[in-house]
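Trainee: I would like to learn how to read a protein and DNA model feature by feature. Could you walk me through one?

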2 protein chains.
Amino acid sequence: MTSRRGRPSQAVLTRERILLAGLALVDEDGLAAVSMRKLARRLGVDPMSLYNHVDGKDALLDGIAEVLVASIPVPPAKADLRETMSALAHGFRAAMLGHPRAAPLVLTRRLASLTALAPVEAVLAPLLAAGFPPERAVHGLRAVLAFLIGTLMREVEAAPTLGGSVQRVADLSAPAVAAAAPYLAVCDHEAEFEFGLRILLDALDAP
Amino acid sequence: MTSRRGRPSQAVLTRERILLAGLALVDEDGLAAVSMRKLARRLGVDPMSLYNHVDGKDALLDGIAEVLVASIPVPPAKADLRETMSALAHGFRAAMLGHPRAAPLVLTRRLASLTALAPVEAVLAPLLAAGFPPERAVHGLRAVLAFLIGTLMREVEAAPTLGGSVQRVADLSAPAVAAAAPYLAVCDHEAEFEFGLRILLDALDAP
DNA sequence: ACCTGAACACCGTTCAAGT
DNA sequence: ACCTGAACACCGTTCAAGT
């Protein structure tokens, strides 16, 4: 049922269709498996056709990252400072954990700043409203963001849990590691997240 | 001056020689430019020869990461808690900034835990000595590590500064971003690092 | 035990050609 | 304006062969 538009045939390909198919490909097969050719195959199209909508493989990955960033829920501007910060952090985390294999795209690329404008505004607005000098607000934002990025890298695949095989390898050579081994062996990501986030939000609340 | 060993000719290739050449290649040309073939060329050797000492490209990258981790200076076990933590954090940062293009290998891969044993011991020992219950010591370690990873990712290339082109794009649509624009536009990595680290170390000192 | 080189199944991207 | 396909210069890795 092609509609009554004048164009010879509706474009099969769209930047959006490509990015969504790309995200699905990453979700299914992982980042390392992404290739222009495979993505084209999935879309039933010649590999070169993708280049009409996307600037190359790197731009494709940036685009997928932007899709992910755009999916971060931004809480209503009203609520109180701590609640807002916490809601944003949890929303960011949930968005990343919803696509664990694609999350490194967001966590390890410098995106065009406009992509993250809404969430950044949502963080800065209550900080400024609470009387924070802008410089300190930016410091706070960046400290929390660094923690989020580090934590999520760990949750998502990369970055050491320090868990692995610490078992009883360590003894005389590393007595403290041996003593803490049971806690190093497991990692409750949820608890680690709340623990670190509370420290940072407490520090921002304080002054 | 080949020495008097019985072997027909000393091995030209060593795992260590390969890893160091790999690190140099990353330093010069960046991570994306690393290939087994290019590394072999640099060593004056057939590409396939590398496979006698290294398990493949991924294992090569792990090996380079381990070289970097091994270069983290571990402070003497004595000093006081806060001083030790701070020294380790600064040492970690300095080691990564010494090889900014290779740093993501450390920051984004799950290394065999034994690699990081010495630094982890150096963090946990003073925490336990100060009376921290081991579970809390591990939480503290992980929170600081997450912050370090996130901060260094930002310093080193990846992860948003939020600086970019926020200039005056934002106005009515994002008044808080507009108000903080001058501080978003620049990023004093040193200051951000100290700011966040102090918050975390203060929180660990407290109880 | 280590090194080699040909071969295989892939890549990203340029370019000229089609509609 | 969009899509195509051949071609180019690369990849990582297997395998059989050399010493």
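Mentor: Gladly. Let us begin with a definition: a residue is near a strand if one of its heavy atoms lies within 4 Å of it. For the classes, Asp, Glu, Lys and Arg count as charged, and Gly is among those counted as polar. Please keep in mind that this is a predicted model.

Trainee: With that in hand, how many nonpolar, polar and charged residues does the surface near DNA strand D have?

Mentor: That surface has eight nonpolar, five polar and six charged residues. In total, 19 residues surround DNA strand D, and the closest are S49(A), H53(A), R37(B), M48(B) and Y51(B). Helix α2 (residues 36-43) of chain B gives the most to this surface, with four residues.

Trainee: Which part of DNA strand D do the atoms within 4 Å of the protein belong to?

Mentor: Sugar or phosphate accounts for 49% of those atoms, and bases for the rest. Individual pairs fill in the picture. On the phosphate side, an N or O atom in the side chain of S49(A) is 2.7 Å from a phosphate oxygen, and a backbone N or O atom of D46(A) lies 3.0 Å from a phosphate oxygen. On the base side, a polar side-chain atom of R37(B) lies 2.3 Å from a base nitrogen of the strand.

Trainee: Now the protein chains. What is the area buried between chain A and chain B?

Mentor: First the general idea: the size of an interface is often given as the accessible area lost when the parts come together. Here that area is about 5,000 Å², with carbon and sulfur atoms giving 70% of it. R110(A), R142(A) and F195(A) supply 15% of the area that chain A buries against chain B, more than any other three residues. In terms of contacts, 57 residues of chain A meet 57 residues of chain B.

Trainee: How many residue pairs are in polar contact between chain A and chain B?

Mentor: There are 14 such pairs, both residues being at pLDDT 80 or more. The elements of chain A that give two or more residues to this side are α6 (117-129), α7 (134-156), α8 (175-185) and α9 (189-205). The largest share, 17 residues, comes from α7(A). By class, this side of chain A divides into 37 nonpolar, eleven polar and nine charged residues.

Trainee: And how many salt bridges are there between chain A and chain B?

Mentor: The count is two. R142(A) pairs with E192(B), the closest N and O atoms being 3.1 Å apart. E192(A) and R142(B) also meet in a salt bridge, at 3.2 Å from N to O. E192(A) lies in helix α9 of chain A and R142(B) in helix α7 (residues 134-156) of chain B, so this pair joins two chains.

Trainee: Are E192(A) and R142(B) buried or exposed?

Mentor: Both are buried. Compare that with a salt bridge inside one chain: the side chains of D202(A) and R82(A) meet at 2.9 Å, N to O. This pair links distant parts of the chain, with D202(A) in helix α9 and R82(A) in helix α4 (residues 81-97), 120 residues apart.

Trainee: Why does D202(A) count as partly exposed?

Mentor: The partly exposed range runs between 20% and 50% relative accessible area. D202(A) counts as partly exposed because its relative accessible area is 36%. R82(A), at 27%, is partly exposed too. By contrast, T84(B) is buried, with a value of 5%. The side chain of T84(B) reaches the backbone oxygen of D80(B) at 2.8 Å.

Key. Residues numbered from 1 in each chain as written. Chains lettered and ligands numbered in written order. Heavy atoms only, no water. Contact = heavy atoms within 4.5 Å. Buried area = accessible area lost by both parts, 1.4 Å probe. Salt bridge = Lys/Arg side-chain N within 4 Å of Asp/Glu carboxyl O. Polar contact = N/O pair within 3.5 Å; in protein donor to acceptor, adjacent residues only side chain to side chain. Buried < 20%, exposed > 50% of the residue type's maximum accessible area, 1.4 Å probe, protein only.
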